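Here is a structure to get to know step by step. Have a look at it first, and then we'll walk through some of its parts together.

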Amino acid sequence: MNALSASPQQFRDLYERESADLRQTFERNGDGSAAIRRRASIVDNIVRKIWASLAGEQARANIALVATGGFGRRELFPCSDVDVLYLCGNESVERDFHQILRSVTQAMWDTGLRASPVTRTFKECDKVNPDNLEFTISLLDRRYLAGDLGLYRRLENDLLPALALRDWDTIVQNLAEIARARHAKYGNTIFHLEPNIKDCPGGLRDYHVAQWLALLTSLHATKTWPKPAGNSLYGTHSDREYAFDFLAAARCFLHFRYNRDNNTLDWQAQDEAAAHSIGLETRGSADPAYWMRTYYRQARTIYRRASSLLDALPPPRRSFYKQFRRKRTHIPGTDFFLEHDRLDLAPSAEGIDGDAILRIFGVIANHGYKLTQEAEDRIVDNLPVLAVQMPEGPYLWNNLREVLLGPYAAHALRTMHALGILELLVPEFHGIDSLVIRDSYHRYTVDEHTFLVIDNIHALRQPHHDWEKRLATLLPEIERLGLLLLAILLHDTGKARRTGNHALQSIELSENLLARLEFDSEERDLIRRLIRTHLDMSTALRRDIFAPETIRAFAEKLNSQQHLKMLTLMTYADIKAVSPDALTPWKAENLWQLYISTSNYLDRSVDETRYHSRTDPAMLNRITALLTSHASGKGAGNEEALRTFLEGLPQRYLQTRLPDQIRDHFKMAENLAEGPIQIAFRVQRQLNELTLITPDRPYLFADVAGVLSAWGMNIVKADAFSNEAGVIVDTFQFTDPFQTLALNPSEVDRFLECVRDVVAKKVSVEKLLQSRSHAGRRGHIKVPVKTRIEFDNDSSSHSTLLQVIAQDTPGLLRAIVLAFAQHHCNIEVALIDTEGEMAIDVFYLTVDKEKLSPPVQQELEASLTKSIQSLR
């Protein structure tokens with residue numbers, strides 16, 4: 001075709017023929033990247049012909065036709081606009097060629113091209129307008145088409161590099177602001193049921209943001225314009241090229257499907273894209289869930305790259321302090337260093353060992369730091385070596401637990417997952433990588449859902465809603481939070497198998513990991529139990545939670561209050577992580593009500609069921625096996641002595657103690673022949689724990705509570721159990737407000753000796769309280785608590801349940817227990833708890849092995865009221 005004699009209709013016919021052939025080729029091979037390059041070439045040819053036919057010889061000096069944006073990148077999607085710049089040497093050229101330029105634009109539209117032209121003088125291109133940054137950014141992807149080549153070269157070689165260096169901070173900061181605002185519009189997540197593959201986080205726009213930032217960063221560092229690499233001005237990592245190819249194919253498919261620039265991947269479009277295996281290496285039909293899984297993997301790759309470059313940008317202004325603070329901090333035991341809250345690997349580091357990697361991700365989990373792109377690339381390159389070096393056993397668990405317990409655990413795990421480290425440690429997790437549960441309820445992939453569940457647990461440390469504040473009270477009471485978080489990490493791995501009960505399959509998959517971590521039988525049982533029952537509370541919420549049958553059926557699946565608390569937190573976090581709207585206030589309230597009802601149900605029968613070896617020999621056998629494996633000589637295999645110790649203890653004691661603890665208590669009981677008072681002390685997280693095993697006597701519980709009060713300790717939990725032989729197992733958990741024991745380790749022995757003397761009646765607890773009265777002084781009460789004393793003769797078959805709610809003051813527990821003794825009440829079970837400044841103490845009482853009669857209840861209530869009032 002002779003460009004000078006061609007008519008608009010001929011241009012249009014040419015464009016339609018080429019476009020039809022382009023579409024047929026794409027439908028045959030599905031290569032989106034090739035399609036957009038070919039369309040750019042087709043449009044190149046036509047636009048040049050239009051320019052030659054309308055502008056002719058006169059447009060060879062002081063004016064140039066420049067392709068910009070996607071057209072300049074040779075990434076012209078089927079229905080995208082054609083961005084062109086009419087570059088004029090000066091204002092007079094712009095006036096002289098005004099009509100010609102209008103004609104060229106009209107001819108492009110007549111041809112069927114959606115022209116988006118911009119006319120600028122050379123001088124106007126040398127300005128950055130923050131309110132119209134898109135124009136400056138479009139010049140980063142410019143390409144000469146026709147006209148004055150010398151003018152174009154001045155733009156490319158002189159003006160643009162100088163402009164980018166002069167206004168670098170303005171350009172990159174505004175570009176970052178626009179990108180972050182777009183991310184916020186889409187919730188800062190790649191996970192959408194019907195994503196916009198151009199504008200959503202991880203979409204094509206993020207791919208280009210990453211390229212623009214890479215180009216500008218390189219220019220800023222080298223002061224020279226980067227040389228072209230391939231079809232663009234800068235090279236890309238292969239995984240990002242694959243991601244771009246997939247998204248390019250998907251966007252081409254959408255444009256052809258709608259015959260317009262529609263980039264929303266709606267539900268039906270996902271089905272069709274999967275049916276044609278769009279963007280996949282294999283042809284034929286694919287499962288829609290598998291196709292979306294591929295989409296999320298590619299989007300994650302791009303989003304991480306764009307986010308990494310955005311995070312690496314320096315702040316717009318540096319504070320005076322930051323200018324002088326130390327720039328680099330070495331991370332001990334590794335070749336990593338911290339700079340501007342980002343972790344990088346020293347250039348001199350020859351390799352990365354497994355220990356250093358685990359230590360670094362522990363640091364990330366605890367502080368929320370991010371890795372630089374260079375550090376991430378080097379970690380990925382070292383994966384084959386790391387796969388051989390990764391430790392196992394207790395050392396691995398200690399490091400993994402540190403990651404799980406860190407406040408930024410989810411962030412650290414996401415990074416480990418993206419780099420392939422998590423799969424080295426937990427290969428079972430690979431099956432749920434980007435796994436899609438394709439329904440309108442599950443917003444996130446299974447791996448991201450898992451990370452969100454862990455995130456939700458840690459978020460309870462800073463609760464916002466009322467229901468979060470209530471649930472947050474359970475978090476400090478979880479005795480093995482690391483195991484709970486590990487169970488969460490594994491709880492959905494069975495979904496990779498797609499069929500059957502995924503909870504049971506998750507347990508099966510977890511066995512290898514538990515073996516590699518060398519967990520003991522109790523730790524394994526806890527993990528299995530949590531995974532097995534992780535849906536049971538959600539199921540119960542679908543029933544009438546106020547029906548006794550519902551509570552009973554749910555409670556029968558639990559073995560302790562600790563199990564219930566773990567499961568409550570797990571259920572809350574699990575539901576909330578399904579989608580942003582999954583946990584409604586109504587559902588959160590029902591969850592709390594279910595927890596309270598079930599907790600009350602478990603407690604109300606706490607004194608009714610006692611252990612008897614003839615009806616339940618399993619526990620006896622388990623403890624005997626532990627004794628045999630852990631001891632030699634005394635205590636090993638002493639089944640009769642163990643039976644005597646366990647006989648008559650409440651089932652609650654057995655359900656709330658690990659076999660290892662029961663074993664230790666039994667050994668203490670065996671030593672009663674050598675010393676009638678056996679005491680154990682340990683520090684567990686923020687709490688001190690005192691365990692006393694001795695023959696029962698009147699006022700014993702009150703005396704121990706008195707010693708703790710005299711030493712200034714604050715009792716937050718306590719329980720008391722006794723067996724048929726009259727041996728008591730009393731446990732007190734308390735804080736040390738004055739840090740007497742923490743700051744003076746030698747005082748621990750003196751403290752325990754004091755407890756022993758009081759229990760043996762060598763020292764009067766009353767005199768001790770008088771001599772140390774200053775230790776129990778309390779500061780100003782922030783929230784007054786009204787005393788409530790409630791008796792319940794119905795909840796237990798043979799005990800009277802008494803609940804005392806009062807201001808948590810020093811000596812409260814002792815005062816209560818002394819009142820019991822005055823009325824000859826026997827404590828079958830004591831459950832002591834503290835919430836803030838409110839003490840909530842529950843006792844199961846008998847008098848001569850019978851429930852308390854109404855007259856006794858009245859007398860006891862009067863005594864308790866008087867005793868509690870005297871403390872204020």
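How many bridges join β5 to strand β6, and in which sense do the two run? Two bridges join them, and the strands run antiparallel. Before going further, keep in mind that what you see is a predicted model. Strand β6 covers residues 336-339, and if you want one spot to look at, find Thr 329, which stands opposite Leu 338 in β6.

Now zoom out a little. These strands belong to an open sheet of four, in the order β5-β6-β7-β8, with mixed pairing. The edges are taken by β5 (329-330) and β8 (370-371), each of which pairs on one side only. A helix joins the picture here: α15, made of residues 373-381, packs on the sheet and touches β6, β7 (342-345) and β8. Compared with β7, the direction of α15 is off by about 50 degrees.

Let's step back to the whole chain for a moment. It has 872 residues, and 54% of them are buried. Its secondary structure comes to 38 helices and 16 strands. Take the contacts with a separation of 6 or more: 71% of them are between residues 24 or more positions apart. As for the outside, the accessible surface comes to about 39,000 Å², with 49% of that belonging to carbon and sulfur atoms.

Next, go to another open sheet of four strands, this one ordered β3-β2-β1-β4, again with mixed pairing. Here β3 (115-121) and β4 (143-147) are at the edges with a single partner strand each, so one side of each has no neighbour in the sheet. On average, and ignoring direction, neighbouring strands in this sheet are turned by 25 degrees against each other.

You can walk across this sheet strand by strand. Start with β3: seven bridges tie it to β2, and the two run parallel. Leu 85 has its bridge partner in β3, namely Val 118. From β2 you move on to β1, and this pair is antiparallel, with five bridges. One of the matches to look for is Ile 63, whose bridge partner in β2 is Cys 88. Last comes the step from β1 (residues 63-67) to β4, an antiparallel pair joined by four bridges. There, Ala 64 has Gly 147 in β4 as its bridge partner.

What about the surroundings of β2? Six of its seven residues are buried, so the strand is largely enclosed by the rest of the structure. Helix α2 (residues 32-54) is part of the scene too, lying across β1, β2 (82-88) and β4 and running at about 20 degrees to β4.

Helices also pack on each other. Look at α9 (residues 204-222) and α12 (residues 288-312): they pack at an angle of about 35 degrees, and their axes are 9 Å apart. Their crossing is left-handed. On the α9 side, the residues that meet α12 are Asp 206, Tyr 207, Ala 210, Leu 213 and Ala 214. They face Ile 302, Tyr 303, Arg 305, Ala 306, Leu 309 and Leu 310 in α12. Sorted by class, that contact has nine nonpolar residues, two charged ones and no polar ones.

One last stop is Leu 535, in the loop between α24 (521-532) and α25 (536-541). Is Leu 535 buried or exposed? Its relative accessible area is 35%, so it counts as partly exposed. Between Leu 535 and Ala 503 there are 32 positions in sequence, while their C-alpha atoms are 8.2 Å apart in space.

Note on methods. Residues are numbered from 1 along each chain as its sequence is written. This is a predicted model: local features need pLDDT of at least 70, side-chain atom pairs count only at pLDDT 80 or more; totals for chains, interfaces and linings use all residues. Side-chain values use heavy atoms; hydrogens and water are left out. Two strands pair if DSSP finds at least two bridges between them. Contact means heavy atoms within 4.5 Å. Axes are lines fitted to C-alpha atoms, for helices over the stretch in contact, and angles run from 0 to 180 degrees between N-to-C directions. A crossing is left-handed if the near helix is turned anticlockwise from the far one by less than a right angle, and right-handed if clockwise. Ala, Val, Leu, Ile, Met, Phe, Trp, Tyr, Cys and Pro count as nonpolar, Asp, Glu, Lys and Arg as charged, and the others, Gly among them, as polar. Buried means under 20% relative accessible area, exposed over 50%, partly exposed in between (1.4 Å probe, protein chains only). Accessible areas come from the Shrake-Rupley method with a 1.4 Å probe; for residues, only the protein chains shown count as cover.
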